[in-house]
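Here are my notes on the model you sent, set out as numbered points. Please read them with the sequence and the structure open beside you.

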Protein chains: 2
Amino acid sequence: MNMKIDPTNILKEHALKHTKQRVRVLEEIALDTVAISQPELEKKLGKEIDRVTLYRILNIYEDKGILHRIMDMNGTANYAICSSSCSAEHHHDEHIHFNCTTCNKIYCLDVAVPHSTMPKGFTAKTVNTTAYGTCEKCNLEVKKN
Amino acid sequence: MNMKIDPTNILKEHALKHTKQRVRVLEEIALDTVAISQPELEKKLGKEIDRVTLYRILNIYEDKGILHRIMDMNGTANYAICSSSCSAEHHHDEHIHFNCTTCNKIYCLDVAVPHSTMPKGFTAKTVNTTAYGTCEKCNLEVKKN
DNA sequence: AATATAAATGCAATATAATTGCATTTATAT
DNA sequence: ATATAAATGCAATTATATTGCATTTATATT
């Protein structure tokens, strides 16, 4: 799902200044295919990037459609790189998410969000689907023991 | 979706003590078919019920399967009465939610969550689907003006 | 009806998370 | 090389959630 990303290029495309903090955030998030939570990012980058700056970078990335934000059950924000079709106006985040209740990781699955018909009068812009359960890795862990 | 509820009975069924605070919370949440947020509840009940008590009541109701909690885009908890089939062990919250981005209300729609096939190794226990857009009421408001 | 007791509530204090204002630093256009 | 507009870091503030404990309340038992 996550192809190699080029932070410098991404920043240029969105007319954002190229700072080492912004590059680091993109690098860190691109490391894994699973979404990473704000607290995890803070733990990893806390020595290099101020807490407040991290908030600001994440917000601007979300606004620009560079990252998408997935809320987990605890109301914690998780971030993943958007597919290239995302824009500031519209997030084409039309795959389902899998939130492992053991390790808390959020996976962007390569499964499309199935269509649902809205009741009369309701107009849906985006539809998010999140499955909760046990991920591949944690299922294997159980077998081992 | 929300039939008349009987707080006294609900409390009895779950072996919870009958207190006026607990009754008030259930009454308030049952007032409307849309889910109500923790901050809204706090605003409405703040004079009668202590902030901390409200948190505790909401938590216990969720644990017991009396309420289900829906996180909105901002990581704010919203609560709605569970259908009767819910239990402490498993929330059968298998309808989709509609989160209006204008009035922020969360509707429990009478639309089933469509089935999605998980990748090999992933086992899903529950699946949540939330549609974001404009609700009936807010769509009508626009037409008026 | 009175009462023992286990649980729920409210308050104060603490912890955690997010936001704002402002001085300083940094990127980039010229 | 430098001007300037923007980003960063720090301090302070605000908002949100949790914990401990004394007091109050519900209910089971007599």
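1. In this predicted model, 51% of the contacts in chain A between residues at least 6 apart in sequence join residues that are at least 24 apart. Buried residues account for 32% of the 145 residues in chain A.

2. Chain A holds 5 helices and 6 strands, and when these elements are read from the N terminus they follow the order α-α-β-α-α-β-β-β-β-β-α. As an example of how a helix and strands are placed in this chain, α3(A) lies across β1 (34–37) and β3 (77–81) of chain A, and α3(A) runs at about 75° to β1(A).

3. The strands of both chains should be read together, since they appear in an open sheet of 12 strands with mixed pairing, in the order β2(A)-β3(A)-β1(A)-β5(A)-β4(A)-β6(A)-β6(B)-β4(B)-β5(B)-β1(B)-β3(B)-β2(B). The edge strands of this sheet are β2 (67–71) of chain A and β2 (67–71) of chain B, each of which pairs on one side only. With direction ignored, neighbouring strands of the sheet are turned by 35° against each other on average.

4. Two of the pairings in the sheet deserve a separate look. β6(A) and strand β6 (residues 123–134) of chain B run antiparallel and are joined by 11 bridges, with T129(A) standing opposite T129(B) in β6(B). Within chain B, β2(B) pairs in the antiparallel sense with strand β3 (residues 77–81) over 5 bridges, and here M71(B) stands opposite A77(B) in β3(B).

5. How many residues does each chain bring to the contact between chain A and chain B? Chain A gives 31 residues and chain B gives 31 residues. On the side of chain A that touches chain B, at least two residues each are supplied by β4 (95–100), β5 (106–112), β6 (123–134) and α5 (136–144) of chain A, and the largest share, 12 residues, comes from β6(A). By class, the residues on this side of chain A divide into 16 nonpolar, 13 polar and 2 charged.

6. Turning to the DNA, there are 19 residues around strand C, of which H18(A), T19(B), Q21(B), D50(B) and T53(B) come nearest. The surface near DNA strand C draws two or more residues from each of α3 (38–45) and α4 (51–64) of chain A, and from each of α2 (20–30) and α4 (51–64) of chain B. α4(B) gives the most to this surface, with 4 residues, and by class the surface near DNA strand C has 7 nonpolar, 6 polar and 6 charged residues.

7. Which residues come nearest to DNA strand D? Of the 19 residues around DNA strand D, these are T19(A), Q21(A), D50(A), T53(A) and H18(B). At least two residues of the surface near DNA strand D come from each of α2 (20–30) and α4 of chain A, and likewise from each of α3 (38–45) and α4 of chain B. The largest share of the surface near DNA strand D, 4 residues, comes from α4(A), and the classes there are 7 nonpolar, 6 polar and 6 charged residues.

8. When checking these points, I would keep the two DNA surfaces side by side: α4(B) gives the most to the surface near DNA strand C, while α4(A) supplies the largest share of the surface near DNA strand D.

Terms used. Residues are numbered from 1 along each chain as its sequence is written. Chains are lettered from A and ligands numbered from 1 in the order in which they are written. This is a predicted model: local features need pLDDT of at least 70, side-chain atom pairs count only at pLDDT 80 or more; totals for chains, interfaces and linings use all residues. A residue is near a molecule or strand if its C-beta atom, placed from the backbone, lies within 6 Å of it. Ala, Val, Leu, Ile, Met, Phe, Trp, Tyr, Cys and Pro count as nonpolar, Asp, Glu, Lys and Arg as charged, and the others, Gly among them, as polar. Two residues are in contact if their C-beta atoms, placed from the backbone, lie within 7 Å. Two strands pair if DSSP finds at least two bridges between them. Axes are lines fitted to C-alpha atoms, for helices over the stretch in contact, and angles run from 0 to 180 degrees between N-to-C directions. A residue is buried if 20 or more other C-beta atoms lie within 10 Å of its own, exposed if 12 or fewer, and partly exposed in between; C-beta atoms are placed from the backbone.
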